[in-house]
Amino acid sequence: MVAGCSDQQANFSPPKNQISTGLLPSDAELDPEKQQAIWDAEHVTFCLEQRFGKMFTAALKSHDTDALQNFFMPAASGEWVEFANDIFAQGGFEEQACSTNRTPLTFDALLTAIADLSAEYETISKVGFRVLSIQMTNETNAIWQSDVQVTVSGKLDGRTSYRKTIATITYQAETPLELGTKPFIHSWVTTDQITRSSEAALFSEVTARFTLDRLPLIDNWKIPAEQSAQYRSQLAVADFDQDGFNDIAIGTFTGEPILLKNIGGRSFNRIDQQVGLRRWAPNEETSLVAWIDVDNDGYQDLIMGNRIYKNVEGRRFSDITSSSGLSVNRQPMGAAIADYDADGDLDIYICYQYPAEDEPQKEGPSPWVGDDSSGGANHLWQNQGNGSFREVGQASGVSAGTRKSFAANWLFYNDDHFPDLYIANDFGTNNLLLNQGDGTFEDISFTSNTADFATSMGVATGHLDSDGRPEIYVANMYSKMGRRIIGQVSAADYPDGIYQQIKGSCAGNRLYSPSVDDPQRCEENSIALGINDIGWAYAPAFADFDGNGWADIYATTGFMSRDRSKPDG
């Protein structure tokens, strides 16, 4: 990967041995002067993005150099990075980063360089402007300094292209509401630039062609805001009838099962009722869905809602919930399937955020950070080899305590044949559990350097290089606003243990790679590879999308957008 030469470094300081718990919201309250300073900075940021930013991107998109000139003070100065000579090329994809050299520019040369961000494009589809950081450098004259990101996408030299530019600008904001209406920028120093292009798009949108836009699923964009919800469904993919084409199973909070049969890779037919899948009580609030070959007959059986179905030779499904012994609590976040005890039968690990309704509820307010105690214990269901399961989560040490778990992924962390488990927790410390091969697990989260408090919402594992050891990619929150605010505070503003955790909660995605020097530990290198600032991330995946033999990463992002024209993420 080529990461460019950004000056924007965000040092990762993993917890040494544990993360403090029991810290309430009142423990993190800033003093009023600091709160006011952050409010003032965010007000300037809002005006810079929403007022100047709109004028600036419009000027770039229309190649209006006169408008660009009007944003700068007459004696404005500038610097610009140089593109590196080497171009990374692979499978029709090209990437050109910048070198470490920066060249001082005259005012006219600076304006030309800024205008060329878009002027070199034959057509432009989008221009973006975001503020990454902000600080006041001169209170008397209201001088501020910000790191800003400018993005341009469109057609460049006949190819689909995306260009990202990072610059540090110094400007005067005596009246923030007027930013952009008169000259205000004193200097523009471009610190990083990277251009990516391809001969053609790797993917195309085919949802409507496959009629997947007509499913009976509730769409937050089409209902009143007060009725919207974070979680409504889960899905899992498998070739249940062994015809060579993957099918889709969807579980819903409404209790409606959906099974979509893939018709030759051309379309999908809904067949859940025909094959014996039945509704479950919606008040049980479960949308769990997972494929698992319970009896090793080669046909994928199905966990759907609070039931488990045997796949009868790809023709129909038979409800075996009662005889299986499997039970599902409310609101499971998902299931991870593996033969954890290497006995030849697949087992089921189920993640929970909340305790079961019949479990004792914790009294008092939940901690604001380091919440390792107010969630629900996860369950490990051991396959008994006769179509039934036994819950062994607590006994095996794999329940992950009572954190609010969001996702889990099995992997072979060491060189034995027993799968290990990484658990991504929302509001709590993440876990890496090493399978001891005797039915128990050891928590090596801290000793392996993979423990983190980062409000995690997904995890994927796979091999990004050829060393035979897996990487762990964890989906976390990444908020540009949060990063700006973190830049205004320090550990001195909080009691011990808080700053580290709130910093982690907006740090972005993590990539843990096995250490070259110590195979028992990992190195975190998401920033170096440029894959941490994805957004409010969920459900990443490893796959070789372009068929070149190397694993790629897909990372979904977004939260609770309520306007289709303004998607979150």
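**Two positive-phi loop residues and a four-stranded sheet**

D157 sits in the loop between strand 5 (143–156) and strand 6 (159–172). In this predicted model, D157 adopts a positive phi of about 55 degrees, although it is not a glycine. D157 counts as exposed, because its relative accessibility of 64% lies above the cut-off of over 50%.

H63 also belongs to a loop, here between helix 1 (32–61) and helix 2 (65–69). The phi of H63 is near 55 degrees, again a positive value in a residue other than glycine. The relative accessible area of H63 is 40%, so H63 is classed as partly exposed. The range for that class runs between the limits for buried, under 20%, and exposed, over 50%.

Attention now turns to an open sheet. Four strands form this sheet, in the order 20-21-22-23, and their pairing is antiparallel. Strand 20 (405–411) and strand 23 (441–443) are the edge strands. Each of these two pairs on one side only. Neighbouring strands of the sheet are turned against each other by 25 degrees on average, with direction ignored.

In general, strands of a sheet pair through backbone hydrogen bonds, either parallel or antiparallel. At one edge of this sheet, strand 23 pairs on one side only. Strand 22 (residues 431–435) is joined to strand 23 by three bridges, and the two run antiparallel. Within strand 23, D443 is the bridge partner of L433.

Definitions and conventions
Residues are numbered from 1 along each chain as its sequence is written. This is a predicted model: local features need pLDDT of at least 70, side-chain atom pairs count only at pLDDT 80 or more; totals for chains, interfaces and linings use all residues. Side-chain values use heavy atoms; hydrogens and water are left out. Two strands pair if DSSP finds at least two bridges between them. Axes are lines fitted to C-alpha atoms, for helices over the stretch in contact, and angles run from 0 to 180 degrees between N-to-C directions. Buried means under 20% relative accessible area, exposed over 50%, partly exposed in between (1.4 Å probe, protein chains only).
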